[in-house]
Amino acid sequence: MVIIGAGPAGTTLGLMLQKQGVDCLILERQSRDYVLSRIRAGVLEWGSVEILERLGVAVRLHAEGHIHKGVSIGWAGSQVLDVDMLALTGKPMVAYGQTEIQKDLYDAADERGLPIVFEADVTLHGVDSDRPSVAYETHSGSELVHCRLVAGCDGYHGVSRITVPQEAKTEYEKSYPFGWMGILSETPPLPQLLYANNERGFALCSERNPMLSRYYVQCPLDDTVDEWPDERFWEELLARVPASAAERIVTGPSIEKSIAPLRSYVVEPMQWGNLYLAGDAAHIVPPTGAKGLNLALSDVHYLAEAMVASAGGDRSLLDGYSDRALQRVWSSVRFSWFMTMLLHRFPDQTPFEQKTQEKDLEYLASSVAAQTSMAEQYVGLPL
Ligand code: RFL
Ligand code: PHB
């Protein structure tokens with residue numbers, strides 16, 4: 001097998017296949033240091049924790065990850081709702097940065113001799129035939145690898161999905177008219193994740209570890225990082241969260257700052273010939289539901305099972321991979337869209353839409369059934 005992309009999806013898939021005795025090679029466009037420097041997700045579903053446990057890469061996650069039993073939602077200035085996901089569903093979430101997961105996955109790959117070629121310029125050939133091949137060029141020359149199956153785990157901007165001809169795929173897309181300006185700061189975080197819907201826009205308080213906080217504020221799509229000096233960021237964040245949270249937030253210099261656009265995207269089917277797409281290569285969700293990384297892990301859970309069965313001669317799981325994965329993908333796409341619509345202020349929001357959004361939040365606060373519905377999707381539907 002050849003796996004394109006050594007992000008969380010590709011590296012996890014490689015380790016899963018290797019564990020089952022299936023040979024594979026991973027090709028990554030960027031350098032190892034570059035991949036490890038990207039600041040992304042922070043919240044893991046319990047199902048994702050179990051996937052990493054089964055793979056034997058969760059020792060540091062358990063030692064350093066922070067179990068969260070719920071999240072808080074602030075709205076209408078001072079209202080705060082604590083959704084106790086653990087009490088409502090029996091499952092907690094774990095805050096553990098994607099960067100740390102990626103480090104653990106690369107360390108396991110090194111120890112177990114899983115080959116990853118970094119800084120590889122990849123092209124795919126004949127993936128719709130029985131003899132796919134992958135050509136790649138690195139600083140040390142060019143190679144051509146023949147294989148049975150190709151896994152496209154190369155994210156939204158990779159080569160895999162664009163190799164699938166337009167007539168063989170259907171794309172579903174929604175973009176949102178804002179982005180998230182995110183910072184990391186070496187300050188103690190709030191004890192619980194806090195999402196805030198405020199008239200100035202959305203804000204999120206999250207964490208990476210007891211001395212590293214991650215904060216986001218909704219910003220216009222065309223804003224640049226230069227327009228957000230630390231003072232402006234903190235002022236805006238503190239104005240958007242309820243006063244009870246603002247007085248507990250410890251501010252400090254940012255050590256990382258970036259802006260991400262929000263979009264929902266799904267390609268169907270997630271396979272073409274002998275090419276199988278997984279993770280962000282096949283779908284993107286806005287980060288509001290904390291689902292992207294979790295979906296990448298559930299896709300490769302299904303894909304590894306299918307690839308292992310096919311190595312033993314049974315192709316039925318491979319043939320059904322896309323249908324199976326898309327069930328979970330669309331649940332998370334819907335939930336992430338719902339959370340995005342509930343918690344952000346839209347530039348063209350009418351007073352009517354504003355009123356219905358407020359009513360949604362009031363209903364959530366007053367109904368255990370509504371909170372249970374949110375909780376069961378936030379902690380993750382079963383695999
Ligand atoms: P990745 O991580 O993009 O990895 C793909 C890898 O493929 C490489 N690549 C190529 N390699 C070879 N040839 C090519 N032509 C290639 N083109 C690209 C890339 O360099 C890269 O290394 O996709 P993957 O593995 O599917 O993992 C997906 C997750 O990274 C992503 O969904 C999450 O980060 C999304 N996300 C969150 N997900 C969660 O589950 N919980 C969260 O709390 C959460 N918060 C977030 C997020 C994403 C964010 N941003 C920046 C979009 C918060 C933010 C702000
Ligand atoms: C994060 O910690 O980066 C994070 C947490 C929750 C989200 C999105 C991002 O919904």
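Which residue in S16 is the bridge partner of Ser185? Ser213 is that partner. The notes below start from this strand and move out to the two ligands.

1. **Status of the model.** This is a predicted model. Please read every distance and area below as computed from that prediction.

2. **Strand S16, burial.** S16 covers residues 212-219 and is mostly covered. Eight of its eight residues count as buried. Leu212, Arg214, Tyr216 and Gln218 point one way from the strand. Ser213, Tyr215, Val217 and Cys219 point the other way. Both sets are buried, and in this strand buried means under 20% relative accessible area. Note that Arg214 is among the buried residues.

3. **Strand S16, partner S13.** Strand S13 spans residues 170-185. S13 and S16 pair in the antiparallel sense, over seven bridges. The Ser185 to Ser213 pair is a bridge to S16.

4. **Strand S16, partner S15.** Strand S15 runs from 201 to 209. Six bridges join S15 to S16, and the two run antiparallel. A hairpin of two residues links S15 to S16. Across this pairing, Leu204 stands opposite Tyr216. Keep Tyr216 in mind for the next point, where it is listed among the closest residues to ligand 2.

5. **Ligand 2, polar contacts.** Ligand 2 is surrounded by 14 residues. The closest are Tyr195, Ser206, Arg208, Tyr216 and Pro287. Three side chains are worth checking on screen. A polar side-chain atom of Tyr195 sits 2.7 Å from an oxygen atom of ligand 2. For Ser206, a polar side-chain atom is 2.6 Å from a ligand 2 oxygen. In the side chain of Tyr216, an N or O atom is also 2.6 Å from an oxygen atom of ligand 2.

6. **Ligand 2, cover and shell.** On its own, ligand 2 exposes 280 Å², and the protein buries 97% of that. Strands S14 (193-198), S15 and S16 are the elements that each give two or more residues to the shell. S15 gives the most, with three residues. By class, the shell holds eight nonpolar, three polar and three charged residues.

7. **Ligand 2, domains.** Which domains each supply at least three residues to the shell around ligand 2? Domain 1 (2-68 + 94-173 + 263-341) and domain 2 (176-261 + 344-379) do.

8. **Ligand 1, polar contacts.** Ligand 1 has 32 residues around it. Glu28, Arg38, Gln98, Asp280 and Leu293 come nearest. The side chain of Arg38 places an N or O atom 2.7 Å from an oxygen atom of ligand 1. Backbone atoms take part too. A backbone N or O atom of Arg29 lies 3.1 Å from a nitrogen atom of the ligand. A backbone N or O atom of Gly292 is 3.2 Å from a nitrogen atom of ligand 1.

9. **Ligand 1, cover and shell.** Alone, ligand 1 has 1,000 Å² of accessible area, and the protein covers 90% of it. Helix H1 (8-19) and helix H10 (292-311) are the elements that give two or more residues to this shell. H10 supplies the largest share, four residues. The class count is 15 nonpolar, 10 polar and seven charged residues.

How values were computed
Residues are numbered from 1 along each chain as its sequence is written. Chains are lettered from A and ligands numbered from 1 in the order in which they are written. This is a predicted model: local features need pLDDT of at least 70, side-chain atom pairs count only at pLDDT 80 or more; totals for chains, interfaces and linings use all residues. Side-chain values use heavy atoms; hydrogens and water are left out. A residue is near a molecule or strand if one of its heavy atoms lies within 4 Å of it. A polar contact is a pair of N or O atoms within 3.5 Å; within protein, one must be able to donate a hydrogen and the other to accept it, and residues adjacent in sequence count only if both atoms are side-chain atoms. Accessible areas come from the Shrake-Rupley method with a 1.4 Å probe; for residues, only the protein chains shown count as cover. Ala, Val, Leu, Ile, Met, Phe, Trp, Tyr, Cys and Pro count as nonpolar, Asp, Glu, Lys and Arg as charged, and the others, Gly among them, as polar. Buried means under 20% relative accessible area, exposed over 50%, partly exposed in between (1.4 Å probe, protein chains only). Two strands pair if DSSP finds at least two bridges between them. Domain bounds come from an automatic or database domain assignment.
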